[in-house]
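Here is a short briefing on how some helices and strands pack together. Have the viewer open beside you as you read.

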Amino acid sequence: MPQQRTLFRRWRGAWRRWSLWTLLVLLVISMLATMVWLAGRYEASQVQSRLERDTADAVSDIRVALTRNLQSLQALHAGDPGQLAWEVDASELLRNRRELVRIEWRDTSLRVRTHAQSPYRPVAWDARLREGNQSDAAIACANARRLSSPAYSSSYFQPHGDGLGSEMMELCLPLSSGGRSTGFLVATYALQDVLINLVAHNLTRSQEASFTEADGTRLAVLGAARRGSRMFTATHLLDLPGSTLVLRMDTWHSAPSLFPNVLTALVTAMSIALVTVMVVLVRDNRRRLRAERDLADALAFRKAMEDSLVTGLRARDLEGRITYVNPAFCAMVGFSAPELLGQSVTAPYWPPERVEEYRQRQAIRFAGTMPPREGFESEFMRKDGTRFPVLIIEAPLINAQGLHTGWMSAFLDISEQRRVEELSRASQERLQATARLATVGEMASLLSHELNQPLAAISSYATGSINLLEAPAPQAGSPAGAAPNAEQLQDVRMAMQHIARQAERAGKVIKSVHDFVRRRDQAREAVQARQLLDAILPLVSLQARKLAVRVNTTVEPNLPPVLCDRTMVEQVLLNLARNAMQAMDDPAIPTRVLDIRVRRAASNQHSGWIEFAVTDLGTGIAADVAKKLFTPFFTTRAEGMGLGLSMCRTVIEQHGGFLGFAPHEPRGTVFTFTLPVPQPSPDT
């Protein structure tokens, strides 16, 4: 029994060691197989990558050659050549560009005027098929006419004179002179010759190039296939105006030879310990490639986004050198990116007379002074010398490590905004002038009635004075021609004083209307509230007497002056007062009081405000009217223009204030507006 147990333990130990060795051998085999597989995959990916690069390069070469041919074809009609000169030049072009097999000069009806034939390839051309409306050349010319640019046709099979044939493709180039179509230039490409002359010089012995259709049908092939080898294939689209071709390239590669001898196998076996590291590297490489692809996608997305912006972008480093500009900025200033990059001392888009000012502003910015977040306005100069205003918004440029590396600026061309503002300002001024004239027109009858009183009094006092001066001669005993006595002189003096007083009254009425109507520049000045009220009271009193309205004015004592355009604010006060009196022009309202009050409004250390309130005891404002009260040309009076309240709000908002209204208890409406108080300058 003990011997049996010992044998059993030995057998079990041997079995364990054999199992471990078996597992180790299996691990080695699996590692070797994995390495072989990875090596094969890597070599295949390298071959595939090279083939794709070669395909992309071949497509690029074809595009360059087609563009070069297009320029040469356009040059055939430079200087309006005759048919003979054209045929000579076309024949020379066909000898130099073997991929072209035929060039035709057609009129506007697509009839062939003349043509040139390639000397290298005999082709049996059927003129009836080529000049038909459904021919490939006609279709290409129709696309060219629609696009106003060269267009290609789809490929088609053309028989040769030797009994064979090949795939052809037409290029139609529209011709024009003085903006008028003069015909078309049709050039015929042989796809096989395109491969031979434009692709063959880059092909290796193991590669084959072909043009194929979308379903894989080969149209033209260059190269020979090799049997018994592994084949790799790459395709690339050749997009042409009006047509699309697929360039396919195949290559043959023998299976990788990883173990040429036993020594290589032994070395490979000894390198199994590095397999784990290699796997990690492969995974890391895949992650790196994925990150690179993501980064490339992000960069492409950012580039597309920046190119689509209408806002100009510019980046500068800490020394002031321009390191980046986007297309919108280049279009804004008229300079290309190479002309702007690297500029530091003086930017070419700075106006010469403001260079020193901009240098100082740049020095302040680079000293660490942050610009205002809302931006600031400046003036730039385009390459052609024209000036235009811009709004600049700047922010520090911070890199991934959190370091300040420069400044990023955004630019908005505000020329159109300034033009619209100027048009709006001129329109407002015209509307304000129209409203003032309309106001004076409505008051013309009141003025004539009011001026009749002082003028009648002046006439009466003047007549009495003349009568006193022409009194009968004194009684007998008095000297002839004696001067009027003291009582008569006192009466004449009193009459003259009344005449002067009435004339002054009439003059004040006329002066008030003149000052209100005449148009003045919008120069803001500090004006006392009492002066504004005194300026409009003569005009308000005219209508108040006619409508039996009592006018009350209250001004809070010790008020500071307001900063305003005096004429505009007087118009606002007059419009509100007139509206208030008209609201009380109702027989059902026995008590008619117009109350004008001025008091200090809510203010702080940064801004001060004065509030004006105009109150009436009328019927109030209906809810449906209140919604449209400030709408231009909305009025509830048949003779009104509907501009008064709209322009009043515009004037007050231009001063930075607010115009509003609210019901007044027990009846009526109160209109209030605010005007700013002049602020002391920082130096005081």
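In this predicted model, helix 14 and helix 15 cross in a right-handed sense. Their axes, for residues 529-547 and 566-583 respectively, come within 9 Å and meet at roughly 25°. Angles under 35 degrees count as roughly parallel, so helix 14 is roughly parallel to helix 15.

**The helix 14 and helix 15 contact**
- Helix 14 brings Gln531, Leu532, Leu533, Ala535, Ile536, Leu539, Val540, Gln543, Ala544 and Leu547 to the contact.
- From helix 15 come Arg566, Val569, Glu570, Leu573, Leu574, Ala577, Arg578, Met581 and Gln582.
- By residue class, this contact holds 13 nonpolar, three polar and three charged residues.

**The five-stranded sheet**
- For the sheet, follow the strand order 12-11-15-14-13: it is an open sheet with antiparallel pairing.
- Strand 12 (322-325) and strand 13 (376-381) are the edge strands, each pairing on one side only.
- From one strand to the next, the twist averages 35°.
- At one end of the order, strand 11 (residues 312-317) pairs with strand 12 in the antiparallel sense, over three bridges.
- To find this pairing in your viewer, look for Ala315, which stands opposite Tyr324 of strand 12.

**A helix across the strands**
- Helix 10 (residues 355-366) lies across strand 11, strand 13, strand 14 (387-398) and strand 15 (404-413).
- Relative to strand 13, helix 10 runs at about 135°.

Methods. Residues numbered from 1 in each chain as written. Predicted model: local features only at pLDDT ≥ 70, side-chain atom pairs only at ≥ 80, totals over all residues. Heavy atoms only, no water. Pairing = 2+ DSSP bridges. Helix = DSSP H or I, 4+ residues; strand = E, 2+ residues; numbered from the N terminus. Axes fitted to C-alpha atoms, helices over the stretch in contact; angles between N-to-C directions. Contact = heavy atoms within 4.5 Å. Parallel < 35°, antiparallel > 145°, perpendicular 65-115°, else oblique. Left-handed = near helix turned anticlockwise from the far one by under 90°. Nonpolar A, V, L, I, M, F, W, Y, C, P; charged D, E, K, R; others polar.
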